[in-house]
Every structure is written in C-alpha cells, then in structure tokens.
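Here is a short briefing to read beside the sequence and the 3D view. Topics come one at a time, in bullet points.

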Amino acid sequence: MTVASQPRAARGRRAARPSGDDRELAILETLERLLADRPLAEISVDDLAKGAGISRPTFYFYFPSKDAVLLMLMDRVISEAYAAREALTADPPEDRMAFWRAGIGVYYSTFHAHQALAAPWSVAKYTNSEARKLWSDFMQTSIDQTTEVIEALRARGAAPENLPARELATSLNLLNEAVMTAAFAGQKPALSDERVMDNLVHIWLNAIYGDTP
C-alpha cells in the first residue's frame, strides 16, 4: 500500500508521529533500498531524507553523513550475523559436513540478505577508518572462533595436524570474505550465488580434514 493510498486519520484524532527510532530506521532502509539500484556516490543526503519522509536538517539530527548511515548498516548486519551464529552454537549439527555448512551458511545467508551493501562495504573497508575497524574486529572474531573449533577437533584426533590452526582459520575466513563479496557485489569473475556454498564447504572440509566425506 502506498503512502497516498493509506487511510486518513479519523477526524478529531492526531495522526501518530514517527519516533526518533522510526526515523533512524527509515533512513537506514532508504539507503539499503537505493543501493540496490545505484552506487553510494550517486546517492545524496537529499535522496535519503526524501526517502525517509523527513527534511534535510532532520537527517543531520540523526546522522552526520551518508557514510555514517552505511557504517550503522554494517554494524547492524554484523550483529545479525553474530546472533545467527549464537543460535547455531547453541544447537550445532552432529555431522561434520552439516556443521561446517551451517557455520558458513550463517554468514552467507545474513550477507546475501543484504547484498546491496556488499559493493559499498568493500570500498568503505579501505577508505573509512571506522568501517575498517568494525570489519576487522568482525573478521578477527570469526577467525578466533574457527581457530578454537579446529584446535578442539585436533585435540580429540578428529582432524590432522597440518598448518597452524590460526593460519588455516585466517586463510579460510579471508576466502569466505573474498568469494562472498565478489558474488554479492556482482564482480567479475565471481561464482554464481547458488554455487558459493558448495565451493566454500568443499574447500573448508578438505583444508581441515584432508578429505571430504
């Protein structure tokens, strides 16, 4: 239903005014929606304000710039990924292929749902110090968690000792980042979306166990 087709407020009652949180969310949703059609450089603060149904001065009450909006989107999506991983950790699959597919799939599903952000993020990670730190912290956490799992597998004899666990975990997580970003941002060359998971799971299983079941 469009804004124009929404029913008018009952006579004698004031229409509800959007809260600060509603306006902030509207700005975030507007940027993500617009990024699906054009690059960040072609999106203005006026575009964001108009899309959120607010004035330009009101936009600046919530964000100092459109880059700050992109940064908050990155923070929110990373939080989604963490929450999904926590849910998986609470009830992990028994089968090793299912375990790693679910673990990689947490990030695939989360970032695929926000794939319009992949291209601007890939730039922001190199040009914006806050974005660089946010992404670096996220990647380091993922590497730490992977290292712990690999070390635990090796301790009980379920995986062979080959490369140092942290080096292997770092390489595999950086691989995930590169392959997913290329697919979601529409880079060339890149894997098609439907082939990303199969390829990554195959590589992870071979790297960690030395074979695929």
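Helix 9 covers residues 193-209, 17 residues in all. From its first C-alpha to its last, helix 9 reaches 25 Å, close to the 24 Å expected at 1.5 Å a residue. The model is predicted.

**Helix 9: the buried side**

- Eight positions in helix 9 are buried: Val-196, Met-197, Leu-200, Val-201, Trp-204, Leu-205, Ile-208 and Tyr-209.
- These residues sit on the same side of helix 9, because they cover an arc of only 140 degrees around the axis.
- An α-helix has 3.6 residues a turn, so residues three or four places apart point the same way.
- What do the buried residues of helix 9 pack against? Their partners are helix 5 (96-112), helix 7 (129-155) and helix 8 (165-185).

**Backbone around helix 9**

- Gly-210 comes just after helix 9 and has a positive phi of about 85 degrees.
- Pro-189 is placed in the loop between helix 8 and helix 9.
- The peptide bond joining Lys-188 and Pro-189 is cis, with omega of about 0 degrees.
- As background, most residues other than glycine have a negative phi, and most peptide bonds are trans.

**The chain as a whole**

- The chain has nine helices and zero strands.
- Along the sequence the pattern reads α-α-α-α-α-α-α-α-α.
- The chain has 213 residues, and 38% of them count as buried.
- Take the contacts between residues at least 6 apart in sequence: 63% of them join residues at least 24 apart.
- About 12400 Å² of the chain is exposed, and carbon and sulfur atoms supply 54% of that area.

**A buried pair: Ser-142 and Asn-173**

- Ser-142 is in helix 7, while Asn-173 is in helix 8.
- Is Ser-142 buried or exposed? Ser-142 counts as buried, because its relative accessibility is 3%, under the 20% cut-off.
- Asn-173 is buried too, with a relative accessible area of 6%.
- Beyond four places in sequence, Ser-142 touches Tyr-107 and Asn-173.
- With the same sequence neighbours left aside, Asn-173 is in contact with Met-139, Ser-142, Ile-143, Thr-146 and Trp-204.
- Trp-204, one of those contacts of Asn-173, is also among the buried residues of helix 9.

**Two partly exposed positions: Asp-67 and Ser-44**

- Asp-67 lies in helix 4 (residues 66-90).
- Asp-67 counts as partly exposed because its relative accessibility is 39%, between the 20% and 50% cut-offs.
- Not counting residues up to four places away in sequence, Asp-67 touches Leu-40 and Asn-128.
- Asp-67 and Pro-120 are 53 residues apart along the chain, and their C-alpha atoms are separated by 9.6 Å.
- Ser-44 is found in the loop between helix 1 (20-35) and helix 2 (45-52).
- At 29% relative accessibility, Ser-44 also counts as partly exposed.
- A 9.5 Å separation lies between the C-alpha atoms of Ser-44 and Ser-65, which are 21 residues apart along the chain.

**Cavity**

- Rolling a probe the size of a water molecule over the atoms shows where empty space is left.
- How many cavities of 30 Å³ or more does a search of the whole structure find? The search finds one.
- The largest cavity holds about 260 Å³ of space.
- Its lining has 18 residues, and those nearest the centre are Phe-111, Trp-135, Glu-177, Met-180 and Thr-181.
- Helix 5, helix 6 (118-127), helix 7 and helix 8 are the elements that give two or more residues to this lining.
- Which element gives the most to the lining of the largest cavity? Helix 8 does, with six residues.

**Pocket**

- The largest pocket has a volume of about 490 Å³.
- The largest pocket is lined by 24 residues.
- Arg-85, Pro-92, Phe-99, Trp-100 and Val-149 lie nearest the centre of the largest pocket.
- Helix 4, helix 5, helix 7, helix 8 and helix 9 each give at least two residues to the pocket lining.

Technical notes
Residues numbered from 1 in each chain as written. Predicted model: local features only at pLDDT ≥ 70, side-chain atom pairs only at ≥ 80, totals over all residues. Heavy atoms only, no water. Helix = DSSP H or I, 4+ residues; strand = E, 2+ residues; numbered from the N terminus. Expected span 1.5 Å × (residues − 1). Buried < 20%, exposed > 50% of the residue type's maximum accessible area, 1.4 Å probe, protein only. Arc of directions from axis to C-beta. Contact = heavy atoms within 4.5 Å. Areas by Shrake-Rupley, 256 points an atom, 1.4 Å probe, with all protein chains shown as cover. 1 Å grid on protein atoms, 1.4 Å probe; cavity = no way out; pocket = protein on both sides within 12 Å on 5 of 7 lines; lining within 4 Å. Points joined across faces, edges and corners; volume = space filled by probe spheres on them.
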